[in-house]
Amino acid sequence: PILSPVDNAGRLTSEAGEEFEGLNVLGDANEAIIAALEREGALLLEELYEHKYPYDWRTKKPTIFRATEQWFASVDGFKKDALE
C-alpha cells in the first residue's frame, strides 16, 4: 500500500498523525510539522528560501503532487499490429 497522507482537498489525513490531520499542506501544515520536529529534537535545519511553485495553467491554483496507486501494461505483444 502507498502512504499518501494528503486528501483531494490538499489537507493532511489521519495517516499524517492526529496532530496534523486536517491541516492544509500549502498553509498551516508546514509550521505545525516544524514545531513538532523541534519539540522532539528531530529538526536538523530550518531555512527559508524562495522557489517557484507549480501552478495549474487553467485554474491558476497551486498543484499538489500526491503518491497514487498505479499500474502499467506492456504493449510489446501487440504494438506492431496496433501501429499498422
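Where is Ile 34 found? Here are some notes to go with the structure, and keep in mind as you read that this is a predicted model.

1. Let's start with that opening question. Ile 34 sits in helix α1. Its side of the story is a middling one: with a relative accessible area of 27%, Ile 34 is partly exposed. If you want a sense of distance, pick Glu 50 as the other end. Ile 34 and Glu 50 are 16 residues apart in sequence, and from C-alpha to C-alpha they are 17 Å apart in space.

2. Next, have a look at the charges on the surface. A patch of negative charge brings together Asp 28, Glu 31, Glu 38 and Glu 46. One of these, Glu 38, belongs to helix α1, which covers residues 29-39. Glu 38 has a relative accessible area of 54%, so it counts as exposed, the cut-off for that being over 50%.

3. Now the salt bridges. How many salt bridges does a search of the whole structure find? The search turns up 3. One of them pairs the side chains of Arg 39 and Glu 19, with 3.0 Å from N to O. This pair is worth a second look on screen: Arg 39 lies in helix α1 while Glu 19 lies in the segment before α1, so the salt bridge ties together parts that are 20 residues apart in sequence.

4. Arg 39 has another partner too. It forms a salt bridge with Glu 40, where the closest N and O atoms are 3.8 Å apart. As for how open these residues are, Arg 39 is exposed at 52% relative accessibility, and Glu 40 is exposed at 60%. Because they share partners, these salt bridges join Glu 19, Arg 39 and Glu 40 into one network. Glu 19, at the other end of the earlier pair, is partly exposed, with a relative accessible area of 44%.

5. The remaining salt bridge to point out is between Arg 58 and Asp 56. Here the closest N and O atoms are 3.9 Å apart. Arg 58 counts as exposed, at 63% relative accessibility.

6. On to the aromatic residues. The count comes to 1 aromatic pair. Tyr 53 and Tyr 55 make up this pair, and the arrangement is edge-to-face: the centres are 6.3 Å apart and the planes are at 75° to each other. Tyr 53 is found in the loop between α1 and α2. Is Tyr 53 exposed or partly exposed? At 31% relative accessibility, it counts as partly exposed.

7. Both tyrosines turn up again in a nonpolar patch. Leu 26, Tyr 53, Tyr 55 and Ile 64 form this patch on the surface, and together they have about 360 Å² of accessible area. So when you colour the surface, Tyr 53 can be followed in two ways: as a member of the patch and as half of the aromatic pair.

8. One last residue to check is Lys 60. Its phi is near 65°, a positive value in a residue other than glycine. Lys 60 lies in the loop between α1 and α2, where α2 covers residues 79-83. Its relative accessibility is 59%, so Lys 60 counts as exposed.

Key. Residues are numbered from 1 along each chain as its sequence is written. This is a predicted model: local features need pLDDT of at least 70, side-chain atom pairs count only at pLDDT 80 or more; totals for chains, interfaces and linings use all residues. Side-chain values use heavy atoms; hydrogens and water are left out. Patches are made of residues with over 30% relative accessible area and no salt bridge: like charges are joined within 9 Å, nonpolar side chains (Val, Leu, Ile, Met, Phe, Trp, Tyr) within 5 Å. Accessible areas come from the Shrake-Rupley method with a 1.4 Å probe; for residues, only the protein chains shown count as cover. A salt bridge is a side-chain nitrogen of Lys or Arg within 4 Å of a carboxyl oxygen of Asp or Glu. Lys and Arg count as positive and Asp and Glu as negative; His and the chain ends are not counted. The place of a charge is taken as NZ of Lys, CZ of Arg, CG of Asp or CD of Glu. Helices (H or I, at least four residues) and strands (E, at least two) are DSSP runs, numbered from the N terminus. Buried means under 20% relative accessible area, exposed over 50%, partly exposed in between (1.4 Å probe, protein chains only). Rings of Phe, Tyr and Trp (its six-membered ring) pair if their centres lie within 6.5 Å; planes under 30 degrees apart count as stacked, over 60 as edge-to-face and the rest as tilted.
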